[in-house]
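The exercises below ask the reader to work through a protein model step by step. Each task is followed by a worked solution.

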Amino acid sequence: MISAEIAGKQVKRMFQMRGYPKGEPEALKELVKALQISASEDQAKALVSSFVEQATSESQCPLPGDIRKAVKSMQEESRPDPLCQKCEDGWVIRTRAGYSGATRCSCWAPRPAAAWDRVPLPGQPGYFEDDKRTAEMLRASEVKL
Ligand SMILES: [Zn+2]
């Protein structure tokens with residue numbers, strides 16, 4: 001959660017976009033409120049940058065729901081390392097005395113959804129089982145927010 005002042009500063013960067021609520025303080029307040037759920041100023045800044053930098057003369061200013069959705073997808077949740085060699089999707093299958101069970105791998109850590117979702121998983125196009133470096137490169141190129 002960030003202050004309305006900090007969020008407001010970031011929201012103003014979208015001033016040039018179509019549909020920006022110029023002269024509509026109530027609508028503007030809703031945008032600020034949505035952006036306030038960001039974890040930090042840096043996160044809010046990165047998020048607004050992602051809207052502003054891709055903006056063209058056709059781009060619509062995001063609505064509060066768009067902002068909330070984008071903030072949530074940036075929040076880091078605990079996810080397994082997609083490049084982990086020890087597990088599959090965060091789970092290790094162990095067989096002991098004839099019984100097999102899945103244990104959570106040690107690679108779970110807070111990771112942004114974007115970084116995780118875009119790495120191709122086994123069976124998806126772009127995934128090369130024998131070339132984890134490719135997956136690593138793909139991930140590195142996506143994470144620069
Ligand atoms: Zn793992």
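## Overall layout

In this predicted model, the elements of the protein run α-α-α-α-β-β-β-β-α-α from the N terminus on.

**Exercise 1.** State how many helices and strands the protein has, and describe its burial and its contacts in terms of sequence separation.

*Solution.* The count of elements comes to six helices and four strands. Turning to burial, 14% of the 145 residues of the protein count as buried. As for sequence separation, among the contacts between residues at least 6 apart in sequence, 64% join residues at least 24 apart.

## Helix packing

**Exercise 2.** Determine how helix H1 is oriented relative to helix H2, and identify the residues that make the contact.

*Solution.* The first step is the geometry: the axes of H1 and H2 come within 8 Å of each other and cross at roughly 110°. Since angles of 65 to 115 degrees count as roughly perpendicular, this crossing makes H1 roughly perpendicular to H2. The second step is the handedness, and here H1 passes H2 in a right-handed crossing. The third step is the contact itself, to which H1 brings Ala-4, Ala-7, Gly-8, Gln-10 and Val-11, while H2 brings Leu-28, Leu-31, Val-32 and Leu-35. By class, the residues of this contact of H1 with H2 divide into seven nonpolar, two polar and no charged. Val-32 can also be examined on its own: leaving aside its neighbours within four places in sequence, Val-32 is in contact with Ala-4, Ala-7, Gly-8 and Val-11.

**Exercise 3.** Carry out the analysis for helix H1 (residues 4-11) and helix H3 (residues 41-52).

*Solution.* The axes of H1 and H3 come within 9 Å and cross at roughly 20°. Angles under 35 degrees count as roughly parallel, and H1 and H3 are therefore roughly parallel to each other. H1 passes H3 in a right-handed crossing. In the contact, Ile-6, Ala-7 and Gln-10 of H1 meet Glu-41, Ala-44, Lys-45 and Val-48 of H3. The residues of the contact of H1 with H3 divide into four nonpolar, one polar and two charged.

## The nonpolar core

**Exercise 4.** Describe the largest nonpolar core, and find which helix gives the most to it.

*Solution.* The largest nonpolar core has 13 residues, and those with the most contacts inside it are Ala-7, Val-11, Leu-31, Val-32, Leu-35 and Ala-44. When the core is traced back to the elements, H1, helix H2 (25-35) and H3 are each found to supply at least two residues. H2 gives the most to this core, with four residues.

## Two residues in the strand region

**Exercise 5.** Locate Asp-89 and Arg-94, and decide for each whether the residue is buried or exposed.

*Solution.* Asp-89 lies in the loop between strand S1 (76-79) and strand S2 (91-96). Its backbone has a positive phi of about 55°, although Asp-89 is not a glycine. A residue is exposed if 12 or fewer other C-beta atoms lie within 10 Å of its own, and Asp-89, with 12 such atoms within 10 Å, is therefore exposed. Arg-94, by contrast in placement, is in strand S2. With 10 C-beta neighbours inside 10 Å, Arg-94 likewise counts as exposed. Not counting residues up to four places away in sequence, Arg-94 touches Ser-100, Gly-101 and Thr-103.

Technical notes. Residues numbered from 1 in each chain as written. Predicted model: local features only at pLDDT ≥ 70, side-chain atom pairs only at ≥ 80, totals over all residues. Axes fitted to C-alpha atoms, helices over the stretch in contact; angles between N-to-C directions. Parallel < 35°, antiparallel > 145°, perpendicular 65-115°, else oblique. Left-handed = near helix turned anticlockwise from the far one by under 90°. Contact = placed C-beta atoms within 7 Å. Nonpolar A, V, L, I, M, F, W, Y, C, P; charged D, E, K, R; others polar. Core = buried A, V, L, I, M, F, W, Y, C linked by C-beta atoms within 7 Å. Buried ≥ 20, exposed ≤ 12 C-beta atoms within 10 Å, placed from the backbone.
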